[in-house]
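Biologist: Got a new model to go through. Can you walk me through the fold?
Modeller: Sure, here it is.

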Amino acid sequence: MTLAWIVLASLAGGLLSVFAAAFALVLRASWVPMLVSFAIGTLLGAAFLEVIPHAFEAGEAHRVAASILGGILGFFLLEKLLLWRHSHEHGEDAGPGHHHEHARAGALIVVGDTVHNFVDGVLIAAAFLQSPQLGLITAIAIVAHEIPQEVGDFLVLLHSGYSRSKAFALNVLSSMGSVAGGVLGYFTLSGFERWEPVLLGIVAASMIYVAVADLIPGLHRRPELRATAQQAVLIALGVAVIVLVRLA
């Protein structure tokens with residue numbers, strides 16, 4: 001039953017994020033900042049209100065804290081290695097080789113996003129192995145932050161010369177990496193119950209890192225009072241969704 005939940009959450013999460021991103025892109029690209037603010041709230045809410053408390057209950061506090069710190073440092077290195085952050089791919093065209101540069105950027109996006117989704121699947125599996133409720137909350141947080149990222153991936157692929165249909169198909173294909181990660185996580189992590197607090201610490205680290213290092217800096221580009229108030233409300237709404245799921 002746990003495996004079925006993991007596969008369902010990974011599959012639904014990956015497809016939902018891609019379809020929601022395509023829908024948002026078709027409607028209004030200006031919605032992306034609002035999606036980012038909401039995603040920050042869900043990530044931080046899930047990390048601090050659900051995942052970290054579960055980790056502390058399941059294991060020794062210093063060990064859990066060390067896993068969170070190590071996870072943050074590990075995700076920093078992994079992001080550097082896999083080019084998770086795609087903002088540098090949006091540079092200006094420079095010289096006759098820019099077409100090849102854009103094509104390479106598109107290929108890197110697909111590879112990096114597939115690996116990213118695979119890691120997300122492993123994290124979902126780790127959370128479901130602790131409890132169905134924790135797994136559901138983790139899946140919701142991951143889907144929320146995937147939507148604005150998928151919008152960015154679409155934009156990079158379109159800028160690289162891909163058609164809308166091909167860009168959509170590539171994003172759907174890369175989203176299947178989460179299912180592979182979830183299944184592998186179930187079979188490789190289920191026998192290591194004593195490592196559950198550490199795994200949950202890594203889950204929390206991924207959420208905190210994405211929110212603080214990848215998403216929040218983008219909000220500071222709009223320092224005006226109205227934008228700041230809107231961002232704060234949407235972040236609070238993201239946290240409220242996690243609270244409601246916990247209480248359900």
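Biologist: How much area does the protein chain expose?
Modeller: About 12,100 Å², with 73% of it supplied by carbon and sulfur atoms. Areas come from the Shrake-Rupley method with a 1.4 Å probe; for residues, only the protein chains shown count as cover. This is a predicted model: local features need pLDDT of at least 70, side-chain atom pairs count only at pLDDT 80 or more, and totals for chains, interfaces and linings use all residues. Residues are numbered from 1 along each chain as its sequence is written, and side-chain values use heavy atoms, leaving out hydrogens and water.

Biologist: Which secondary structure does the protein chain have?
Modeller: Nine helices and zero strands. Those are DSSP runs, numbered from the N terminus: helices are H or I, at least four residues; strands are E, at least two.

Biologist: How much is buried?
Modeller: 44% of the 248 residues. Buried means under 20% relative accessible area, exposed over 50%, partly exposed in between (1.4 Å probe, protein chains only).

Biologist: And the largest nonpolar core: which residues touch the most other members?
Modeller: L43, V51, M207 and L215, out of 42 residues. Such a core is a set of buried Ala, Val, Leu, Ile, Met, Phe, Trp, Tyr and Cys residues joined through side-chain atoms within 4.5 Å. α8 gives the most to this core, twelve residues.

Biologist: What does V51 contact, beyond neighbours within four places in sequence?
Modeller: A46, L134, T138, L200, V203, A204 and M207. Contact means heavy atoms within 4.5 Å.

Biologist: Switching ends: is M1 buried or exposed?
Modeller: Exposed, at 74% relative accessible area. M1 sits in the segment before α1 (2-27).
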